[in-house]
Every structure is written in C-alpha cells, then in structure tokens.
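Q: Please take a close look at one part of this model, the strands and how they pair, and then set that part beside the surroundings of the ligand.

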Amino acid sequence: MNEIFDVAIVGAGPAGMMAGISSKTSGNCVCILEKNDQAGKKLLISGKGRCNVTTSKDIHEIVTAFGENGKFLYGTLSQFSNQDVINFFESREVPLKEERGDRMFPVSDKSISILNCLLFELKKKNVNIFYNFSVKKITKNNSHFKISDGENIVIAKKIIITTGGKSYPETGSTGDGYRFAESFGHNVVRPVPALVPLIVHSGKLNSLAGLSLKNVELTFTSNGEVFSHEFGEMLFTHKGISGPIVLKLSKKVYLELTGGNKVTAKIDLKPKLDETTLRQRIIREIQTAPKKEYQSLLATLLPKLLITYAIYVTKIDKHHQSSTLDKTQITSLINFLKNFTFEIDGVESIDNAIVTHGGVDIKEIDRKTMESKITPGVYFAGEIICLDGPTGGFNMQKAFSTGYVAGKSAS
Ligand SMILES: Cc1cc2nc3c(=O)[nH]c(=O)nc-3n(C[C@H](O)[C@H](O)[C@H](O)COP(=O)(O)OP(=O)(O)OC[C@H]3O[C@@H](n4cnc5c(N)ncnc54)[C@H](O)[C@@H]3O)c2cc1C
C-alpha cells in the first residue's frame, strides 16, 4: 500500500465495483477498500437472491420513477443507461431476461452471476480490492487524500465514496459514508427507511400472515384524506403488511406517521368491480347454489386464508344458508370486499428497509461527473446519494450509472 493511487473507492457494492471498472478502463491505478471479507454482500441478497439488475423501461420512465428529483439522473443515464448495463453483462456471457413489470434478471436466476462478472472484470483490469479494510477516517492534505482504517493508510489523489445507505447493516452498509461526506462539508439529508414493510398490531390481522393478494387496490388515508394508493400485489406478514405496493407507498406512510398523523389502510379486494356489479355477482352465486353455506359462498370470492377473517368482520355465521342472507348482510359483505380497513401502527426499522431515503444532498453533487461541488476530488455514487427509487431494478441501475460516471470522471 506504499504507492499513491490515482483513485481510491470506498465500498465494494455495485456502485463501487462499477466505478472501479470504469476508472480503470481509463488506465489509472485504482483500489477499492471494502470493510467486509467479500464484495457485494447486499447485491447477493438483492431480488431474493436473483438480483433485479435493471429495468427495460426507457430513460424518461426511469427518471420519473425516482420522483421529483429524478432529473438529477439524466446526466449519468445519458452516459451509462440501462441498455448499457444490459450490454455490459450480456457481452460478458451473463445473459439477462425480462420479467413482469419490465424487470431484468440474469437468466441464471442467481445474483452471484452478476457479482462474479463484476469481480472478473475488476481482476482483468488489475483493480486492487483490499478486503477487511473498514475506513474510519478520510482527510485531505493538499492534493492527496489519506484514508485510514485505524491501522493502515491508503493515499490517493481522488476518492469515490460508495458506502451505500443504512439499511441491512449486516451487509456492511452502516451509513459510515455520511460521516465522511459531512467531514468534507456536505449536508446529509437524514436517512430514513424507504421501501420498508409496515407494522400492524391488530392480533386478528396477524392471523393472515403468509397471505398474498394479487390485483388489489391499496389506499392510505390520514385524517380521512387519501394521500396515496396503488394497484397490484401485497402480502401479510407476522408483523403487518409488505409486498410490492406496500413497499412502494411505505415512504409516504413513514412521513405521515412521523408527522404525528394516524394512518389507515384500505384494501379494495375487488377493484375491477363496482358495488352494483359485485352485488349482482354475489346474487348470481347464491341463485346458482342457494343451499350453499356462507363460508362456501365466501370461498367463491376470497382466498382461503381470508374466509375466517371475512366471517369475523361481517359477523355472519359460517353455516348460514346463503339464500337466507338479507340485504344488510350482503351489504356488509360487499363493504368488506371493497373496504377492508385497518390502522397502520408503524414502519419496520431502517435495518429492514430495501433502500434508504436520505443521504448526500444532490444539490451538492455535479450531476454530470458525480464530483462534490464542495470538495474537489471527492466523488459519490450509489445509495449514499439522496435519491431513492421504487422496486423494479431502479436502485441497482442508479448504482451502476452513478458508479460508472464517478469512476470515469475521477480518472
Ligand atoms: C434485501 C434487498 C433486496 C434488494 N433487491 C434489489 C433488486 O433486486 N434490485 C435493485 O435495483 N435494488 C435492490 N436493492 C437495493 C440495492 O441492493 C442497493 O440500492 C444497492 O446495493 C446500492 O449499491 P451501493 O453500491 O451504493 O451500496 P451497497 O450495495 O450497500 O454497498 C456498499 C459497500 O460499502 C461497504 N462499506 C460501507 N462502509 C464502509 C467503510 N467504512 N469502509 C469500507 N467499506 C465500507 C459495504 O460493506 C458495502 O460492501 C435491494 C436491497 C435489499 C436490502
């Protein structure tokens, strides 16, 4: 470690590895410092071990998915787009496939294919990875940076901070980079959980753990006002609710709850049927088999796990003969199917969030180079930047695009 590196990258996640590949491509002496004894721990568990590596959506849709600050990404996506990510892996014998929702995965269905490809490329380009190097302090003296883990020191002309966010700390992302950014004069937007499961304390609801619902509409209200809704797939857990549409809306729920507001969830189990059509359907079911018990009628409308819950909410005996259900009872059933409502008691901790909302303020980063506008020679890439996207390969794409550009620019 006696040499002076042109570029030192802190963190060997997807952003750091891509930064290493693109900076070395330009012929520099580059190293990556990683606190773990292996690279890409979070990448390995991403996409349930399959790594949703990017999306096939067009660049404008990607930018839009990141919300009002998404435009920040035009500068990097125009230099390394999702098509470039696809080409990068496919040209290195890691074919990708597209799945529902424009999500791109390796054909192998194994995130290790993605990690091995990145590591192979780094090795080919002689980028040194120093494992078990947990950076504690970075200082700038004249034109050099001194990076220390308490025992060893690495000196570099430029640094790229790719330490990730603060979620799933067991993967190494413990938010250390925020401290380094602050030491270089940056404002760090408070990290809070995004894409995080929600907590529901109702004991009865917890009996639905494991139930997955498809094609439902989830609406959140606070003080009677709707603040977000989404159509799609969700699931019940032992602690509350999760799944794609829940994760997508979770940041807004978090902000409402921390603002002191009470949040109510409402699930429309039959969003494609209005109440009149739904009533006609129920009546048709009853006419077809009038002797059917109420619980069997419910089986024609609901997944098995929800039947007992529907009986509990509608307070109708499960053996009640369907043909003798009166108008009020049918209305009560329709009300449950269209307005399955419960309180949200909290969100799980940032440790269980898929991504972190917050981090280095984008106003202080040059969007075309990823260089700090405050301290020249410092670059940022990946989740450490305050810009989080929804599920669907967007966050990995952001890590690759910003990592690629930071590496190229630092060279
Ligand atoms: C369960 C889960 C599933 C996910 N699935 C997907 C998915 O399928 N698709 C998708 O797009 N996104 C997914 N994400 C999000 C995505 O994985 C992250 O956004 C992405 O990994 C961020 O990349 P990064 O390189 O910025 O940071 P990270 O991947 O967090 O890597 C940061 C690296 O820096 C190292 N580091 C930290 N501090 C120090 C230090 N002081 N010294 C040295 N090294 C340090 C860490 O050990 C780590 O290796 C998922 C996240 C989780 C938690």
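A: Two strands are said to pair if DSSP finds at least two bridges between them. The model discussed here is predicted. Strand 3 meets that condition with strand 5 (residues 103-106), for 2 bridges join these antiparallel strands. Within this pair, T55 stands opposite R103 in strand 5.

Both strands belong to an open sheet of 3 strands, which has the order 3-5-4 and antiparallel pairing. Strand 3 (54-55) and strand 4 (96-99) each have a single partner strand and stand at the edges, so one side of each is left without a neighbour in the sheet.

Further along the chain, strand 12 (residues 212-222) pairs with two others. It runs antiparallel to strand 13 (residues 225-236), to which 9 bridges join it. In this pair, T219 stands opposite H229 in strand 13. The hairpin of strand 12 and strand 13 has 2 residues between the strands, and N223 takes a positive phi near 50° there. Strand 12 is also joined by 6 bridges to strand 15 (residues 263-268), again in antiparallel fashion. Here E217 has D268 of strand 15 as its bridge partner.

As for the ligand, 38 residues surround it, and G11, G13, G164, G172 and G382 are the closest. Helix 1 (14-25), helix 2 (41-49) and helix 14 (394-410) are the elements that give two or more residues to this shell. Helix 2 gives the most, with 6 residues. By character, the shell divides into 15 nonpolar, 17 polar and 6 charged residues.

Notes. Residues are numbered from 1 along each chain as its sequence is written. This is a predicted model: local features need pLDDT of at least 70, side-chain atom pairs count only at pLDDT 80 or more; totals for chains, interfaces and linings use all residues. A residue is near a molecule or strand if its C-beta atom, placed from the backbone, lies within 6 Å of it. Helices (H or I, at least four residues) and strands (E, at least two) are DSSP runs, numbered from the N terminus. Ala, Val, Leu, Ile, Met, Phe, Trp, Tyr, Cys and Pro count as nonpolar, Asp, Glu, Lys and Arg as charged, and the others, Gly among them, as polar.
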